[in-house]
Amino acid sequence: MLIVTCIKQVPDTTQVKIDPVTNTLVREGVPFIMNPYDTHALEESLRLKDRYGFRVVAISMGPPNADVTLRKALAVGVDEVVLLSDRAFGGADTLATSKVLAEAIARLAKEDELAFVICGQQTIDGDTAQVGPGIATRMKLAQITLVDRVDSVDLTAKRAVLRRKLEGRHELVESRMPAMLTVVREINRPRYPTVPMRLAAADAPVPIWNNEVLGLDVQTIGLKGSPTKVNKIFSPQREMGEIIGDGTHDPDGTAKLLIDRMLEKDLLAL
Ligand SMILES: Cc1cc2nc3c(=O)[nH]c(=O)nc-3n(C[C@H](O)[C@H](O)[C@H](O)COP(=O)(O)OP(=O)(O)OC[C@H]3O[C@@H](n4cnc5c(N)ncnc54)[C@H](O)[C@@H]3O)c2cc1C
């Protein structure tokens, strides 16, 4: 049985800059990394492979250089990778992204029975957390988001018991399979690749599926198939703080000034 792990290559956002004129991300010279949440999706797929013998295929939709990220997946032990890359896929919002990913997964599922699609909770650039549920909806899979533990998988009954991490509580869910899971960081600690595996991955072929392979209507993918338009991207601007009083010589006066200022701003009711 098959697990498909979805991995996005993202700019290392601790170093991302925004072009103030075009409102787009400045990508030149920015290092790319595997989306951190997806390292946990990958690790969980590999742990399930170790426990139950699944075949794991990692897929990514992105530019040709996303092969670097897929090689990292090969280096930690996935069986196969597929890069979905075509100019026609570019500029996709979550609707168009999940369409391409779902089509590729359906193709893989023709060769091997699908058990799980595993995604990260969200990405660190787009941050929408919509792609996993988008894939599940298109493929009519059960969808279990925010998973922090896979308790058990019954391959005969095709049912899995999973734990979801919600605010202040956990939820235990029994799901049918195949299911799409999105995982939170707390689910595991990703393994490191060994040097021989990393060397082998560096030379391994990364198959590319373009739209000639997937055969999707170009009006439904990429920019043309994306109803969402990002109008503006900006860094949050905070107002300069104000220092009230000198803090040592007149505490009563400073407190009065502070109260007056809060009343002015309607932050305090007397
Ligand atoms: C700053 C910024 C803002 C954006 N805002 C929006 C917006 O508001 N609405 C919108 O529709 N699009 C938006 N986009 C576009 C968005 O990045 C793409 O649609 C993207 O391909 C998927 O959305 P996401 O990054 O939010 O993924 P999420 O839905 O947060 O990703 C969840 C999981 O899905 C999987 N996944 C996501 N993308 C891929 C991929 N390309 N290949 C393989 N697996 C993947 C990963 O497992 C990931 O952990 C924005 C992009 C940027 C850079």
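Let's start with Ala 255, which counts as exposed because it has 12 C-beta neighbours inside 10 Å, and the cut-off for exposed is 12 or fewer. Do keep in mind that this is a predicted model. Ala 255 sits in helix H7, residues 251-264. Its C-alpha atom is 8.6 Å from that of Gly 245, and the two residues are 10 apart along the chain.

Now let's step back to the domains. The domain assignment splits the protein chain into domain 1, residues 2-220, and domain 2, residues 238-270. Going by C-alpha atoms, the centres of domain 1 and domain 2 are 50 Å apart.

Next, helix H2, residues 67-76. How many of its 10 residues are buried? Eight are, so to speak, under cover: H2 is mostly covered. The buried ones are Asp 67, Thr 69, Leu 70, Lys 72, Ala 73, Leu 74, Ala 75 and Val 76. And what do they pack against? The partners are strands S2 (9-11), S5 (32-34), S6 (55-61) and S7 (80-84), together with helices H1 (36-52) and H5 (195-203). Right after H2 comes Gly 77, with a positive phi near 120 degrees.

Last stop, the ligand. It is surrounded by 31 residues, and the closest are Asp 93, Cys 119, Gly 120, Gly 126 and Thr 128. Elements giving two or more residues to this shell are H1, S6, helix H3 (94-108), strand S8 (114-120) and helix H4 (131-139). As for chemistry, the shell residues divide into 13 nonpolar, 13 polar and five charged. Thanks, everyone!

Technical notes: Residues are numbered from 1 along each chain as its sequence is written. This is a predicted model: local features need pLDDT of at least 70, side-chain atom pairs count only at pLDDT 80 or more; totals for chains, interfaces and linings use all residues. A residue is buried if 20 or more other C-beta atoms lie within 10 Å of its own, exposed if 12 or fewer, and partly exposed in between; C-beta atoms are placed from the backbone. Helices (H or I, at least four residues) and strands (E, at least two) are DSSP runs, numbered from the N terminus. Two residues are in contact if their C-beta atoms, placed from the backbone, lie within 7 Å. Domain bounds come from an automatic or database domain assignment. A residue is near a molecule or strand if its C-beta atom, placed from the backbone, lies within 6 Å of it. Ala, Val, Leu, Ile, Met, Phe, Trp, Tyr, Cys and Pro count as nonpolar, Asp, Glu, Lys and Arg as charged, and the others, Gly among them, as polar.
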